[in-house]
Amino acid sequence: RSLRPLALRLSVQTEFEAAELEDAFPPVPEGAAAAPRRLEDVGTGDELPGRIIGFHAGRMGRKLWVDVQVYRPASDNLVRKRLELRRRWAEDAAARARGEEVEDEGEGKPELLGGRKLAPVYRDAAGDFVVPVHAMVRMNDELEHGNAQAKALGTATKGTGVDVFVRKVQNASGRLLASLAPVTNQSVALEAAVAAGELRPLGDFREGEVVLGTVVRTTTDGAFVDFGAVVKMRGGRDRKRRKTMRQLRRQVRAAREEAAGEGEGE
């Protein structure tokens, strides 16, 4: 009969004293907002005052990160790691006081533990452990829509105050997508347009029906026409379908380029 160790997941409170938990984490810092908000209380279209904390130029273009005083619950694992780091600092300080040599990895790098950066943990007014959720603005999208504020923020520095509008809240991943321009809840707007008769569900259209449309884009193979139809998205399934379509378009484009190259070679 084989044996295997049994792992028990204990709560943070059973491993650390209550006083240590009280002293380890500072209260939520004050910011531009009147009061901190929980991520689950934020909705599409909400205006959030904040300050710029950084820029990032990645594969998808330049991104702007804004501290908007929004928080989500901290995991037990993160709280435990923060407390372990705090204990290590105390042990290193005691060792230095005794004249012992200590490897320089403690308070010189307060955000690191095991080579990984740890998010800061705070205590809110209710005494819960929380971590900040920063709003992310895709600057390329803002510039494409002609947002004048986006152009002005091109030379902004950290600490600059800015108001952002919530585009999307991702509670599962703890992400907050925002825009520099006011955002309307698209689902609510579409439902209102359908109720007013301005738009119709795609299933209401019949083959052979004559409709009035507007050309919104043309290609070498045809044109895309907006004829006032809406379709209900189904989350992950539609995202997977869109991803598949993008892959197919890339394959078709590559095949055309290859065929064009062979034609030139002949």
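## Patches, salt bridges and long-range contacts

Leu202, Val211, Val215, Val225, Phe227 and Val231 together make a nonpolar surface patch of about 490 Å². Keep in mind as you look around that this is a predicted model. The chain has seven helices and 13 strands, and 26% of its 266 residues count as buried. There is also a positive patch on the surface, plus seven salt bridges. Here is a tour by topic.

**The chain as a whole**

- The accessible surface adds up to about 19000 Å², and 50% of that belongs to carbon and sulfur atoms.
- Take the contacts between residues at least 6 apart in sequence: 66% of them join residues at least 24 apart.

**The nonpolar patch**

- Val211 is one of the residues in this patch, and you'll find Val211 in the loop between strand 10 (200-201) and strand 11 (214-218).
- Val211 counts as partly exposed because its relative accessible area is 37%, which falls between the 20% and 50% cut-offs.

**The positive patch**

- Five arginines form this one: Arg217, Arg246, Arg249, Arg250 and Arg253.
- Helix 7, covering residues 236-265, is the biggest giver here, with four residues in the patch.
- Arg249 sits in helix 7, and its relative accessibility of 46% is why Arg249 goes down as partly exposed.

**Salt bridges**

- As a bit of background, side chains of opposite charge can pair when their charged atoms come close.
- Asp124 and Arg38 pair up through their side chains, at 2.9 Å from N to O. This salt bridge ties together distant parts of the chain, 86 residues apart: Arg38 is in strand 1, while Asp124 is in the loop between strand 6 (122-123) and strand 7 (129-138).
- Asp124 counts as buried because its relative accessibility is 18%, and the cut-off for buried is under 20%.
- Arg38 and Asp124 also belong to a network of salt bridges that takes in Glu40 and Asp128.
- Arg51 and Asp67 form another salt bridge, at 3.5 Å from N to O. Arg51 is in strand 2 and Asp67 is in strand 3, so this pair links distant parts of the chain, 16 residues apart.
- The two partners differ in cover: Arg51 is partly exposed at 41% relative accessibility, whereas Asp67 is buried at 17%.
- Glu100 and Arg98 make a salt bridge too, at 3.1 Å from N to O. Glu100 is partly exposed, with a relative accessible area of 41%, and Arg98 is exposed, with 56%.

**Ile52, a buried residue in strand 2**

- Ile52 lies in strand 2, and at 0% relative accessibility Ile52 counts as buried.
- Its C-alpha atom is separated by 5.4 Å from that of Thr160, although Ile52 and Thr160 are 108 residues apart along the chain.
- Setting aside neighbours within four places in sequence, the contacts of Ile52 include Leu64 and Trp65. Also among them are Leu153, Ala156, Thr157, Lys158, Gly159, Thr160 and Val162.

**Gly43, in a loop**

- Gly43 is in the loop between strand 1 (37-38) and strand 2 (47-58), and Gly43 counts as partly exposed, at 24% relative accessibility.
- From C-alpha to C-alpha, Gly43 and Arg167 are 8.3 Å apart in space, with their positions 124 residues apart in sequence.
- Once neighbours within four places in sequence are left aside, Gly43 is in contact with Val166 and Val169.

**Gln69, a backbone angle to look at**

- Gln69 has a phi near 55 degrees, a positive value in a residue other than glycine.
- You'll find Gln69 in strand 3, residues 61-73, and Gln69 counts as buried because its relative accessibility is 4%.

Notes. Residues numbered from 1 in each chain as written. Predicted model: local features only at pLDDT ≥ 70, side-chain atom pairs only at ≥ 80, totals over all residues. Heavy atoms only, no water. Patch = residues over 30% accessible without salt bridge, like charges linked within 9 Å, V, L, I, M, F, W, Y side chains within 5 Å. Areas by Shrake-Rupley, 256 points an atom, 1.4 Å probe, with all protein chains shown as cover. Salt bridge = Lys/Arg side-chain N within 4 Å of Asp/Glu carboxyl O. Lys, Arg positive; Asp, Glu negative; His and termini not counted. Charge placed at Lys NZ, Arg CZ, Asp CG, Glu CD. Helix = DSSP H or I, 4+ residues; strand = E, 2+ residues; numbered from the N terminus. Buried < 20%, exposed > 50% of the residue type's maximum accessible area, 1.4 Å probe, protein only. Contact = heavy atoms within 4.5 Å.
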